[in-house]
Amino acid sequence: MQWDVVIGLEIHVQLATNTKIFSGSSTAYGAEPNTQANAVDLAMPGTLPVPNEQAFRYAVMFGLAIDAEIGRRSVFERKNYFYPDLPKGYQTTQLEQPIVGPGHVEIDLPDGSTKTIRIHHAHLEEDAGKSLHEAFFDEHGHGMSGIDLNRAGTPLIEVVTEPDMRNAEEAVAFAKKLHSLVTSLGICDGDMSQGSMRFDVNISLKPKGQDELGTRTETKNLNSFRFMEQAIAHEVERQMDILEDGGEIVQETRLYNGDRDESRSMRTKEEANDYRYFPCPDLLPVEIDDSFIEDCRSRLPELPDARKARFKEQFGLNDYDASLLSGDAKLASFFEEVAARGKDAKLAANWILGEFSARLNAEDKSIADSPITGAQLGDLIVRIADDSVSSAGAKKVFEALWAGENDNVDAIIDAKGLKQVSDTGALEKLVDEVLAGMPDQIQQYQEADDKKRKKLMGGFMGPLMKASKGQGNPKLFTEILKKKLEG
Amino acid sequence: MHNKTVAELSRDLAAGEVSSVELTQHFLDRIKQEDSKYNSFITVCEDEALAEARQADALRSQGSATPWTGVPFAHKDIFCTNGVRTTCASKMLENFVPPYDASVTANFRAAGAVCLGKTNMDEFAMGSSNETSYFGAVTNPWGHNRVPGGSSGGSAAAVAARLTPAATATDTGGSIRQPAALCGITGLKPTYGRVSRYGMIAFASSLDQGGTMARSAEDNAMMLNVMAGHDPKDSTSLDRAVPDYTATLNEPLKGLKVGLPKEYFTDQLSPAMEQTIRNAIAEYEKLGATVQEVSLPNANLAIAAYYVIAPAEASANLSRFDGVRYGYRCDDPKDLMDLYTRTRGEGFGAEVKRRIMVGTYALSAGYFDAYYLKALKVRRLIQQDFVNALKEVDVLMSPTCPSPAFAKGEKANDPVTMYLEDIFTIAVNLAGLPALSLPAGLVDGLPVGLQIIGDYFSEARLLNAAHQYQQVTDWHQRTPE
């Protein structure tokens with residue numbers, strides 16, 4: 001049988017506020033366990049939450065960016081369940097009256113088309129702490145779990161899509177687009193390895209063409225695009241196997257282990273908690289007025305779609321390069337810096353998407369960690385464009401910059417003797433000298449057809465580059481050679 | 001010395017007739033000698049109190065004193081006190097020492113008041129007799145086998161027994177007014193949001209309100225001057241100017257329009273009770289008030305709505321007591337579920353568990369609409385009743401509770417009868433209004449309280465009305481012996 005795959009996503013996006021959503025504790029990542037948890041975060045008796053205005057601002061900015069209705073009356077509810085990393089015994093979240101109503105996001109598909117993914121809503125909530133299931137033992141020798149509440153109370157928006165995606169590619173394209181949006185907005189640092197964005201994937205299958213949706217499963221807490229793609233492929237296959245064998249899908253929550261490409265059931269619908277949501281009496285409903293929304297609108301930066309269009313228009317980039325460079329806010333501003341300094345935007349794009357990105361990936365670095373600044377790369381682009389350095393030489397300059405040997409492009413070119421000679425008089429003299437010692441090869445060349453001549457040209461270039469100590473401009477050498485050999 | 005009011009003691013301190021250390025020592029001695037009869041304190045802060053008194057005396061000698069500098073008082077053991085254990089009368093918090101002050105605590109500290117100790121109460125403020133305390137029941141100073149009311153029974157008994165001139169208290173459904181009435185003192189529950197709830201251990205967040213207990217209305221006004229105000233740490237506290245509540249105590253009552261809710265004067269009131277209340281109201285007429293009957297048509301729904309909403313909120317508020325971070329933890333838990341079930345099973349008393357279960361039930365899937373949402377609708381109707389009635393009159397008057405102090409054990413095993421104790425007080429919390437109870441007579445030798453309910457933020461008027469009555473009567477000066 002042929003099957004339609006139906007995918008919806010729920011994405012937890014950590015907001016890049018300095019402090020927590022209901023307390024003044026820092027949200028900085030990586031501190032010693034429990035050093036960023038105050039009495040409110042620990043749910044000490046009598047403590048009360050006070051909402052962080054910045055979290056509301058970020059949520060509204062997100063809403064505006066996806067063209068959503070903003071919930072004018074935003075109500076927090078308590079979602080009740082017991083877990084050691086949930087200090088109050090309930091999560092403060094939104095249910096009936098979320099801050100962001102229905103909106104939409106456009107995604108680019110590999111075939112060049114675009115697709116609209118509808119957003120059901122996005123709500124504000126607090127993150128839980130972390131349970132550390134390491135080797136802790138109590139005085140009776142029983143194993144214990146450690147609890148780190150630094151993350152408890154970190155503001156999140158949970159973005160819930162409609163089931164509008166049909167395969168892993170679309171889901172990943174959406175996830176990447178969302179990542180691009182929230183990082184461009186500056187409301188999330190986008191660092192997935194630190195859990196700044198976490199994806200839950202709802203998947204169901206139905207016979208091709210059928211309207212009614214099949215039973216879905218939810219695979220939780222995927223924290224990389226690759227794991228998400230794998231988990232979807234894995235789950236689609238698992239469901240298909242069951243359905244093809246005449247079985248039924250159990251509505252359940254599943255956990256995916258990316259290292260082993262395995263998943264297991266976490267809990268079924270029957271085992272699901274009754275969360276007993278009710279409005280949190282410690283927090284008054286938050287009224288969002290026009291002036292707050294307009295203030296948020298005035299803070300919106302250029303968004304990825306607009307930036308992509310501008311890159312194509314302003315810099316003459318092709319669709320693919322413009323897409324890549326506009327998708328990541330930091331990459332986009334790096335590109336703009338390099339392009340502005342280096343004058344040649346296309347060359348800048350090639351270098352950033354080629355050598356530079358490859359090097360960052362190879363060393364698992366972000367742009368912020370790059371040893372090469374935008375200004376340096378811009379300077380290098382200038383020297384490539386004005387023929388001061390050959391592309392082979394430019395790679396050596398890039399390496400020197402990366403290794404921190406010197407921070408000045410021209411100084412490296414000088415020190416390494418990479419300056420390309422483009423003085424035609426001097427080059428002609430060298431060509432004459434070299435050709436004088438190669439009469440056989442000249443004859444061979446002149447007797448050859450066009451196709452063969454191209455190959456034979458290399459035979460002259462070697463000695464020429466050697467004679468110029470590698471500094472002759474190969475393009476000019478070729479021109480001069482052609483002139484001399486073909487008369 | 002212990003028969004004096006806060007106002008009198010404050011004047012004596014200012015005049016240099018007594019030092020705070022002498023005063024504090026006197027009350028500490030009284031607690032030591034007398035409290036074995038009442039059990040009104042859970043923790044006595046002898047060393048801390050004397051240190052605070054010495055500091056207060058030093059401040060007085062430097063000329064930088066507030067009316068409260070050096071005046072002793074006590075906190076209900078529901079207000080967190082930095083460095084002093086705060087139990088909420090529960091085994092769950094038997095050894096809990098908060099590393100922070102409640103905002104109310106901080107306010108009294110800033111005013112220079114001397115905290116004698118932490119008073120007994122019903123566990124987590126759940127009760128109307130102070131019999132649910134893990135630290136034992138409290139005895140009403142007016143009668144050896146009588147309850148002091150609850151949940152602020154320790155504060156009420158301590159003030160009535162003159163072990164402290166004043167005490168803080170909280171009121172979720174009558175927990176200030178009912179014990180004030182049963183112990184023959186004056187107690188005020190302010191408008192919801194008038195006093196910060198930060199550091200006040202939550203029972204039902206939308207109903208809880210910190211308030212005052214002392215013998216006179218004037219002393220209550222002095223307390224409220226310290227307690228009231230907006231607190232950035234409590235987003236439900238209201239940002240409204242705080243008047244000097246003592247400044248308007250002497251306003252004449254001429255023309256005050258008093259409403260008597262007919263639903264509060266029914267045959268559930270004994271003739272003696274009703275007569276006592278009618279006498280008090282007659283006194284108000286002599287002071288120039290006019291009296292008319294008003295109606296609160298949904299009054300009979302208040303208890304039912306309250307006993308859905310309050311337990312629902314409590315069921316979530318008390319989830320934090322899980323044995324993970326602080327408070328009681330069961331011995332040698334086998335696994336997580338065992339940790340939770342035994343910690344909470346052993347740490348909470350029967351009434352607390354009953355209310356957690358009721359609240360959990362009311363919020364459960366399938367029951368939420370029928371119970372919780374319906375109760376919220378009823379709450380709005382009740383609130384509207386008061387708004388309507390208070391368009392016609394300035395204040396409402398009623399008995400605070402149906403009868404004087406009952407005997408210990410009399411209602412302890414019958415929760416519903418116990419809940420009916422709050423029949424006249426509970427609707428006020430649902431509406432978020434201010435109300436006070438003042439001593440208005442004796443029935444069978446036991447005090448009877450008159451409740452005065454006012455519009456939002458009318459605390460000054462309520463205190464004024466109570467003070468004027470106390471200028472022409474002496475019920476608030478009667479002592480148990």
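This talk walks through some local features of a predicted model.

Let's start in chain B, with a buried arginine. Arg30(B) sits in helix 2, residues 20-38 of chain B. What is the nearest side chain of opposite charge to Arg30(B)? That is Glu34(B), and the gap is 4.8 Å. A salt bridge needs the charged atoms within 4 Å. Arg30(B) has none, although the residue is buried.

So what does the side chain of Arg30(B) reach? The backbone oxygen of Ala161(B), at 2.7 Å. Look at the surroundings too. Set aside the neighbours within four places in sequence. Arg30(B) then touches His2(B), Asp35(B), Ala161(B), Arg162(B) and Leu163(B). Ala161(B) therefore turns up twice: as a contact of Arg30(B), and as the residue whose backbone oxygen the side chain reaches.

Stay on helix 2 for a moment. The loop between helix 2 and strand 1, residues 41-44 of chain B, holds Asn39(B). Phi of Asn39(B) is near 60°, a positive value, and the residue is not glycine. Most residues other than glycine have a negative phi. Buried or exposed? Asn39(B) is partly exposed, at a relative accessible area of 24%.

Chain A offers a second case. Phi of Lys343(A) is near 65°, again positive in a residue other than glycine. Where is Lys343(A)? In the loop between helix 7, residues 329-342, and helix 8, residues 345-362, of chain A. Lys343(A) has 69% relative accessibility, so it counts as exposed.

One more backbone point, back in chain B. Most peptide bonds are trans. The bond joining Gly150(B) and Ser151(B) is cis, with omega at about 10°. Ser151(B) lies in the loop between strand 3, residues 114-119, and helix 5, residues 153-160, of chain B.

Next, cysteines. How many disulfides are found over all chains? The search of the whole structure gives 0. Take Cys45(B). Its nearest cysteine sulfur belongs to Cys115(B), 4.9 Å away. Run it from the other side, and the nearest cysteine sulfur to Cys115(B) is that of Cys45(B), at 4.9 Å. A disulfide requires the sulfurs within 2.5 Å, so this pair does not qualify. Cys45(B) is buried, with 4% relative accessibility. Cys115(B) is buried as well, at 10%.

Last topic: aromatics. The structure holds 32 aromatic pairs over all chains. A pair of rings is described by the distance of the centres and the angle of the planes. I'll show two.

In chain A, take Tyr445(A) and Phe460(A). The ring centres are 6.0 Å apart and the planes stand at 75°, so this pair is edge-to-face. What does the pair link? Distant parts of the chain: Tyr445(A) is in helix 13, residues 439-447, and Phe460(A) is in helix 14, residues 450-467, of chain A. They are 15 residues apart. Both Tyr445(A) and Phe460(A) are buried.

In chain B, take Tyr134(B) and Phe135(B). The centres are 5.3 Å apart, the planes are at 80°, and so the pair is edge-to-face. Tyr134(B) is partly exposed, with a relative accessible area of 39%.

Chain B also has an aromatic cluster. Which residues form it? Phe96(B), Phe124(B), Phe321(B), Tyr326(B) and Phe348(B).

To recap. Arg30(B) is buried with no salt bridge. Cys45(B) is in no disulfide, and neither is Cys115(B). The peptide bond between Gly150(B) and Ser151(B) is cis. That's my list.

How values were computed
Residues numbered from 1 in each chain as written. Chains lettered and ligands numbered in written order. Predicted model: local features only at pLDDT ≥ 70, side-chain atom pairs only at ≥ 80, totals over all residues. Heavy atoms only, no water. Helix = DSSP H or I, 4+ residues; strand = E, 2+ residues; numbered from the N terminus. Buried < 20%, exposed > 50% of the residue type's maximum accessible area, 1.4 Å probe, protein only. Lys, Arg positive; Asp, Glu negative; His and termini not counted. Polar contact = N/O pair within 3.5 Å; in protein donor to acceptor, adjacent residues only side chain to side chain. Contact = heavy atoms within 4.5 Å. Phe/Tyr/Trp six-rings, centres within 6.5 Å; stacked < 30°, edge-to-face > 60°.
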